[in-house]
Amino acid sequence: MGDFNLTVILDAIRRTSGGLSRVELAQIVGLSPQTISNISRRLLDQHLIVEAGKEGSGPGKPRTILRLNPGGMYALGVHLDPAVTTFVVLDLVGAVVRHSRIKTPGGNDPAAVIATIAAELAQLVEDSGVDQGRIAGLGVAAPGPIDLDHGTVVDPPLLPGWDRVELRDALAKATGYSVLVDKDVTSAAVAETWAGGPSGAGSFVFMYMGTGIGCGIVLNDEVVRGTSGNAGEIGHIIVDPGGPLCDCGQRGCVKSSAIPQVLVAEAVAAGILEGAQAGSAAEIQQSFSELCARAYAGDEGAAAILDKSAVLVARAVSVVTNTLDVERVVFGGPFWTCLSQRYLELVPPLLDANSAARLIHPIEVVGTGVGEDVGAIGAASLVLEHTLAPRAQRLLLES
């Protein structure tokens, strides 16, 4: 029980921006004052928390406030995206100490990409100046599907040659760090819970807008991964029955109707964008940015393409929110910045109109509180979550 109680107290402190006193901790987590005092001493000795002054205006002894020590632990995060790979060093409170971004090496040689990632991480750690002895590990967010048990990437879209690549073991060998691998959409949800502020509390879905579309699921502050770690694959929700043919054989799936490469193809066919349809992830990103720029500059055709995509995505989101009965939808991912203005205007009323529980509670629609590096921050947060967050498994292991 000792380590579980320690993580419960640490989590309570983490979730309160101003810190907590020992008395407040006892009231919140239901442990005895003596247990709180003993565990607080352990956390202080491990430099995971600090005593941050005293508070109290009434009679009695002022209470000492306990807060997380940002430099008490660090985690590294990598977001492997087909277009861009992002790296971060994260401190214990979820703040980015250092970050970098490189174009993901092309070709179909995973070994070369892994070597590049290892070299970039080594440089990032050196530039950050953090104590390497306080780095808890490395988290990697990768496109799904993944094999969580083996840390394996299983044939991700737009990454040719990456079928059954044992990414976890390869990076552990190349970097010397303990490595965790998770899906990019799940990592984004973890980032929101760890560093997103109010948008990361309670029950919500994180709608990940990348080269594909997926959702991370958080119910009652717990990230839901599913049996194999691949929960949130929503690409085959039908949103336009008369729409384009999907690779699954159905028409109008959200992945065949509303993802960036489809929207770019529509714009090319309509003469809004010049040239052939983009092929590589980097080309898709560049063309999609141009499409968004034209829409916001007043091009009615470009704006119509974005607006239609918002309607289709809202249909998919409503299926998810009605199934899970969440209080919030958080949008983010590499392509979110381009979409945010139109989507935040159009999606909320559409979602409300289709909500089965609209007479009981509203559904909030917001952009991520973490920022553009949400995938990499989520990957690093995986390490912090795995190391420090209270989990039922800890009780099973210690009982």
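User: Which strands does α12 lie across, and at about what angle does it run to β4?
Analyst: This is a predicted model, and in it α12 lies across β4, β5, β6, β7 and β10. The angle to β4 is about 140°. Roughly antiparallel would need over 145 degrees and roughly perpendicular 65 to 115, so about 140° counts as oblique.

User: What makes β6 and β10 edge strands?
Analyst: Start with the order of this open, 5-stranded sheet: β6-β5-β4-β7-β10, with mixed pairing. β6 (96-103) and β10 (179-183) each have a single partner strand, so each has one side without a neighbour in the sheet. As for twist, neighbouring strands here are turned by 15° against each other on average, ignoring direction.

User: How do you know that β4 and β5 are joined, and which way do they run?
Analyst: Two strands count as a pair with at least two bridges, and β4 (residues 74-80) has 7 to β5 (residues 84-91), so they qualify. They run antiparallel. To find one of those links in your viewer, go from Ala75 to Leu90, its bridge partner in β5.

User: Which helix packs on the sheet and touches β7?
Analyst: That's α4 (residues 110-128), which touches β4, β5 and β6 as well as β7 (135-142). Its direction makes about 150° with that of β6. Anything over 145 degrees is called roughly antiparallel, so α4 and β6 earn that label.

User: Why is α6 called roughly perpendicular to α12?
Analyst: The axes of α6 (residues 184-195) and α12 (residues 374-388) cross at roughly 70° and come within 7 Å. The range for roughly perpendicular is 65 to 115 degrees, so α6 fits that description relative to α12. The crossing is left-handed.

User: Which residues of α6 and α12 make the contact?
Analyst: From α6 you have Ser187, Ala188, Val190, Ala191, Glu192, Trp194 and Ala195. From α12 come Val374, Gly375, Ile377, Gly378, Ala379, Ser381, Leu382, Leu384, Glu385 and Leu388. By class that gives 11 nonpolar, 4 polar and 2 charged residues. Gly counts as polar in this scheme, so Gly375 and Gly378 go into the polar group.

User: What order do the strands have in the sheet with β13 and β15?
Analyst: This open sheet of 5 strands goes β13-β12-β11-β14-β15, again with mixed pairing. β13 (222-224) and β15 (364-367) each have a single partner strand and stand at the edges, so one side of each lacks a neighbour in the sheet. From one strand to the next, the twist averages 25°.

User: How many bridges join β11 to β12?
Analyst: There are 6, and the cut-off for pairing is at least two, so β11 (residues 204-209) and β12 (residues 213-219) are a pair. They are antiparallel; Phe204, for one, has Val218 as its bridge partner in β12. α6 packs on this sheet, where it touches β11, β12, β13 and β14 (328-332) and makes about 130° with the direction of β11.

User: Which residues of α2 meet α3?
Analyst: Arg22, Leu25, Ala26 and Val29 do, and they meet Ile36, Ser40 and Leu44. The classes come to 5 nonpolar, 1 polar and 1 charged. The crossing of α2 and α3 is right-handed.

User: Where does pLDDT stay under 50?
Analyst: Over residues 393-399, for which the model has 13 contacts beyond four places in sequence. The protein as a whole averages 90, and 94% of the residues score at least 70.

How values were computed. Residues are numbered from 1 along each chain as its sequence is written. This is a predicted model: local features need pLDDT of at least 70, side-chain atom pairs count only at pLDDT 80 or more; totals for chains, interfaces and linings use all residues. Side-chain values use heavy atoms; hydrogens and water are left out. Axes are lines fitted to C-alpha atoms, for helices over the stretch in contact, and angles run from 0 to 180 degrees between N-to-C directions. Helices (H or I, at least four residues) and strands (E, at least two) are DSSP runs, numbered from the N terminus. Angles under 35 degrees count as roughly parallel, over 145 as roughly antiparallel, 65 to 115 as roughly perpendicular and the rest as oblique. A crossing is left-handed if the near helix is turned anticlockwise from the far one by less than a right angle, and right-handed if clockwise. Contact means heavy atoms within 4.5 Å. pLDDT is the predictor's confidence in each residue, from 0 to 100.
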